[in-house]
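This report describes the fold of one protein, the shell around its ligand, and several individual residues. Please keep the sequence and the structure at hand while reading.

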Amino acid sequence: MAETPLKVLGLSGSIGRTSKNGMLVDLALHKAEALGAEVHFWDLESKPLPLVGEDGCWSHPNVKEFQEMASSCDAFLVSSPEYHGTMSGVMKNTFDWVYENHVGGKVFGLMSTLGGISNSNTLNHMRIMLRWLHGNPVSQQLAVGHVKEAFADDGSLVDASMDERLQTLVESVLKTATMYRNS
Ligand SMILES: Cc1cc2nc3c(=O)[nH]c(=O)nc-3n(C[C@H](O)[C@H](O)[C@H](O)COP(=O)(O)O)c2cc1C
């Protein structure tokens, strides 16, 4: 870990921390915190981001705060539900509020949840989107299929191998962000 803790922002493509994506991001953030990172979660329930283009959006105070928060972070742990084979509109709208000057050259850990069988569509689409923002997703990633059954009552992942994959993903994000900071 770097001497000053790495600052990590969690982003969910579902609204609400008790959504499956909110829970998955929270799990990832807890792991990052246990490894010494300073963690934050952008909660769209308490700080909604307007739709890009709607009346008043360009001067919305939450947008400015979100962009400042993103600029101040070293890395991002991001999870989107798969909607019709790609990321949710909420996830895309969240990313539409940041540009290269906020997230360029920064590290991303990508996760996705699916109602059905696990696949990598949403993860791949997020990688393509991040290329336009010059963000750097690590190669590890996590897709949680049949998500309704994936979490235990205490919020942990039922499948221990899935939890191990999440741990590896978070470790890779922090290791890469530390290397970037020291380079
Ligand atoms: C509009 C919509 C489209 C969806 N499309 C898919 C899909 O293409 N594939 C799939 O496996 N699940 C699909 N689902 C199920 C969601 O992926 C699932 O409900 C979500 O991952 C649960 O996470 P959440 O609690 O954070 O919303 C869809 C759900 C909605 C509401």
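A crossover is called right-handed if, with the strands pointing away from the viewer, the path from the first strand over the helix to the second runs clockwise. By that criterion, S1, H1 and S2 form a right-handed β-α-β unit. The model is a predicted one, and every value below is computed from it.

**Overall fold**

The protein contains 6 helices and 6 strands. Along the sequence they follow the pattern β-α-β-α-β-β-α-α-β-α-β-α. The C-alpha atoms fill a box of roughly 45 × 40 × 30 Å along the principal axes. For 183 residues, a compact globule would have a radius of gyration near 16 Å; the protein has 15 Å, so the value agrees with that expectation. Of the 183 residues, 39% are buried. Among contacts with a separation of 6 or more, 78% are between residues 24 or more positions apart.

**Strand S1 and its partners**

Strand S1 covers residues 7–12, and 5 of its 6 residues are buried, which leaves the strand mostly covered. S1 pairs with strand S2 (residues 38–41) in the parallel sense, over 4 bridges. Within this pairing, Lys7 has Glu38 of S2 as its bridge partner, and Val8 has Val39. S1 also runs parallel to S3, and 5 bridges join the two. Here Leu9 stands opposite Phe76 in S3. The strand S1 is thus bridged both to S2 and to S3.

**The shell around the ligand**

How many residues surround the ligand? There are 14, and the closest are Ser14, Ser19, Pro81, Gly115 and Gly116. Helix H1 (20–34) and strand S3 (75–83) are the elements that give two or more residues to this shell. S3 gives the most, with 3 residues. H1 is also the helix of the right-handed unit with S1 and S2, and S3 is also a parallel partner of S1. By class, the shell has 4 nonpolar, 8 polar and 2 charged residues.

**Selected residues**

The table lists the location and exposure of four residues, with the number of other C-beta atoms within 10 Å of each.

| Residue | Location | Exposure | C-beta atoms within 10 Å |
|---|---|---|---|
| Lys64 | helix H2 (residues 61–72) | exposed | 12 other C-beta atoms |
| His84 | loop between S3 and strand S4 (86–87) | exposed | 6 other C-beta atoms |
| His134 | loop between helix H5 (121–132) and strand S6 (136–144) | partly exposed | 13 other C-beta atoms |
| Gly145 | loop between S6 and helix H6 (160–182) | partly exposed | 16 C-beta neighbours |

Why does Lys64 count as exposed? A residue is exposed if 12 or fewer other C-beta atoms lie within 10 Å of its own, and Lys64 has 12. In sequence, Lys64 and Arg17 are 47 residues apart; in space, their C-alpha atoms are 22 Å apart.

Two histidines call for a look at the backbone. Most residues other than glycine have a negative phi. His84, however, has a positive phi of about 50°. This residue sits in the loop between S3 and strand S4 and is exposed, because 6 other C-beta atoms lie within 10 Å. In His134, phi is also positive, near 60°. His134 lies in the loop between helix H5 and strand S6. With 13 other C-beta atoms within 10 Å, His134 is partly exposed.

Where is Gly145 placed? Gly145 is in the loop between S6 and helix H6. Gly145 has 16 C-beta neighbours inside 10 Å and therefore counts as partly exposed. Neighbours within four places in sequence aside, Gly145 is in contact with Leu114, Gly116, Ile117 and Ser118. Of these, Gly116 is also one of the closest residues to the ligand. Gly145 and Arg131 are 14 residues apart in sequence and 25 Å apart in space, C-alpha to C-alpha.

Terms used. Residues are numbered from 1 along each chain as its sequence is written. This is a predicted model: local features need pLDDT of at least 70, side-chain atom pairs count only at pLDDT 80 or more; totals for chains, interfaces and linings use all residues. A residue is near a molecule or strand if its C-beta atom, placed from the backbone, lies within 6 Å of it. Ala, Val, Leu, Ile, Met, Phe, Trp, Tyr, Cys and Pro count as nonpolar, Asp, Glu, Lys and Arg as charged, and the others, Gly among them, as polar. The radius of gyration is taken over C-alpha atoms; the globule rule is 2.2 Å times the number of residues to the power 0.38. A residue is buried if 20 or more other C-beta atoms lie within 10 Å of its own, exposed if 12 or fewer, and partly exposed in between; C-beta atoms are placed from the backbone. Two residues are in contact if their C-beta atoms, placed from the backbone, lie within 7 Å. Two strands pair if DSSP finds at least two bridges between them.
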